[in-house]
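Dear colleague,

I am handing over the structure that we spoke about, and below it you will find my notes on what turned up in it. Please read them with the structure open beside you.

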Amino acid sequence: MNTFGETITLTIFGESHGASIGAVLDGLPPGAALDWDAVRAEMARRAPGKNDMSTARVEKDAFEIQSGFFQGHTTGTPLCAIIRNGDQRSKDYDQLRHVMRPGHADYSGKIRYHGFNDYRGGGHFSGRLTAPLVFAGAVASQILQGFGITVGAHIRRLSDVEDRPFRETGEPAATLAALKQQTLPVLNAGTAAMMESRILKAKEELNSLGGIIECMALGLPAGLGDPFFDSVESQLSHMLFSIPAVKGVEFGSGFSLAGWKGSEANDAFYYDDDSSVKTRTNHNGGINGGITNGMPVVFRLVVKPTASISLPQETIDTDTEENCELSITGRHDPCIVQRAVPVVEAATAWTLLDILLSAKGRQAL
Ligand SMILES: Cc1cc2nc3c(=O)[nH]c(=O)nc-3n(C[C@H](O)[C@H](O)[C@H](O)COP(=O)(O)O)c2cc1C
Ligand SMILES: C=C(O[C@@H]1CC(C(=O)O)=C[C@@H](OP(=O)(O)O)[C@H]1O)C(=O)O
């Protein structure tokens with residue numbers, strides 16, 4: 001459904017071509033002094049229409065606080081923000097009421113909501129619904145910073161162009177901050193231009209591209225997570241698979257562990273100079289038994305190529321119940337990956353704050 005979380009809950013509402021979209025954040029600690037300019041900066045990283053690699057729909061993604069913030073601090077009651085939609089072009093979707101886009105949620109959504117779903121702009125399934133998610137994540141990350149926890153992500157792969165993995169970086173905290181300044185956040189600066197040219201070429205060919213985002217959370221204490229069912233991997237995956245276009249998640253060395261031996265996959269423990277417990281490698285992504293072990297939490301996720309492409313595709317017309325061909329006109333992201341980076345960070349920050357605050361509420365006597 002549309003509410004996520006345990007100690008803090010996030011409710012997301014709206015449709016891409018409706019009046020507004022927004023979020024209700026409940027259970028936040030009272031007294032948090034939020035920096036709204038920092039939240040605006042995060043929203044701007046995700047906003048559509050900023051360059052040739054993005055959809056041509058232009059939205060400011062300006063948020064209006066409705067409740068839950070008073071005299072410079074959170075009140076602890078629901079913090080509600082709305083984001084008005086401004087650049088809808090619903091005529092692009094006239095045909096898509098009955099001609100189903102392959103790869104999008106037109107058909108499955110029509111069945112699930114018995115034909116009453118708002119199909120304009122993908123309605124509630126639109127990537128636009130990730131704007132309120134970024135709002136929530138930006139709030140959460142400010143609270144996490146107070147606990148010394150930071151989250152950052154980069155494009156690990158875009159189509160066939162690969163960036164360096166996080167495990168090769170020396171100064172992770174500085175690296176995470178620097179990534180947030182980049183349109184195509186990468187660790188190896190040389191790869192950004194190649195990625196850009198791949199996206200622009202795919203766009204010219206009326207096609208789209210996908211890729212892999214790698215995300216890291218630093219500063220998490222050991223001991224967070226609630227097995228059996230609320231392991232840290234489970235909670236993060238639940239949230240990450242809610243992001244439209246995400247089709248796979250792996251933690252640590254993930255699927256490549258299949259080909260390794262135990263001696264290669266185990267992360268050897270040691271006491272560091274300051275007596276803190278560390279592991280020599282981090283193939284388990286900072287999580288053992290569903291519980292954080294104090295190492296960085298690291299995972300990757302795959303973002304599929306954008307469904308709405310202009311090349312002719314085979315599909316169905318649900319009005320005539322006949323097979324037909326569809327060439328989509330309209331404004332679409334030729335690649336979602338770079339726009340999804342701040343979304344992944346936000347989704348991670350929100351989930352980790354919930355996990356952290358839940359643990360605090362369960363401390364032993
Ligand atoms: C930031 C963002 C932007 C997106 N932009 C588009 C787009 O322009 N066109 C499109 O067809 N899908 C876009 N999507 C993906 C669709 O919303 C998604 O593929 C669709 O809802 C079906 O869900 P699924 O891919 O998870 O199965 C975007 C997703 C995100 C996160
Ligand atoms: C508006 C955004 O992206 C939209 C995501 C999207 C989709 O199907 O997910 C389809 C397009 O919608 P429209 O046809 O209304 O332009 C994108 O522009 C956004 O991300 O804010």
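How many bridges join strand β10 to strand β16, and in which direction do the two run? In this predicted model, strand β10 (residues 211-218) is joined to strand β16 (residues 297-303) by seven bridges, and the two strands run antiparallel. To find your way into this pairing, you could begin at Gly211, whose bridge partner in β16 is Val303.

These two strands belong to an open sheet of five strands, which follow the order β9-β8-β10-β16-β11 with antiparallel pairing. At the edges of the sheet lie β9 (161-162) and β11 (246-251), each of which pairs on one side only. Helix α8 packs on the sheet, where it touches β8 (150-158), β10 and β16, and its direction makes about 145° with that of β8.

Helix α8 (residues 337-360) also turns up around ligand 1, since it supplies three residues, the largest share of that shell. There are 21 residues around ligand 1, and those that come nearest are Phe125, Gly127, Pro244, Ser308 and His332. By character, the shell around ligand 1 divides into nine nonpolar, nine polar and three charged residues.

Around ligand 2 there are 17 residues, of which Thr55, Arg57, Gly121, Gly122 and Gly127 come nearest. Here the shell divides into three nonpolar, nine polar and five charged residues. You may notice that Gly127 is named among the nearest residues for ligand 1 and again among the nearest for ligand 2.

One further residue that I looked at is Gly290, which sits in the loop between β14 (287-288) and β15 (291-292). Is Gly290 buried or exposed? Gly290 counts as partly exposed, because 17 other C-beta atoms lie within 10 Å, a number that falls between the 12 or fewer of an exposed residue and the 20 or more of a buried one. Leaving aside its neighbours within four places in sequence, Gly290 is in contact with Gly225, Pro227, Ser231, Val232, Glu233 and Ser234. Asp230 lies 60 residues from Gly290 in sequence, yet the two are 7.7 Å apart in space, C-alpha to C-alpha.

As to confidence, the mean pLDDT of the protein chain is 97, and 100% of its residues reach 70 or more, while the model as a whole scores ipTM 0.99 and pTM 0.98.

With best wishes

Note on methods
Residues numbered from 1 in each chain as written. Chains lettered and ligands numbered in written order. Predicted model: local features only at pLDDT ≥ 70, side-chain atom pairs only at ≥ 80, totals over all residues. Near = placed C-beta within 6 Å. Helix = DSSP H or I, 4+ residues; strand = E, 2+ residues; numbered from the N terminus. Nonpolar A, V, L, I, M, F, W, Y, C, P; charged D, E, K, R; others polar. Pairing = 2+ DSSP bridges. Contact = placed C-beta atoms within 7 Å. Axes fitted to C-alpha atoms, helices over the stretch in contact; angles between N-to-C directions. pLDDT = per-residue confidence, 0-100.
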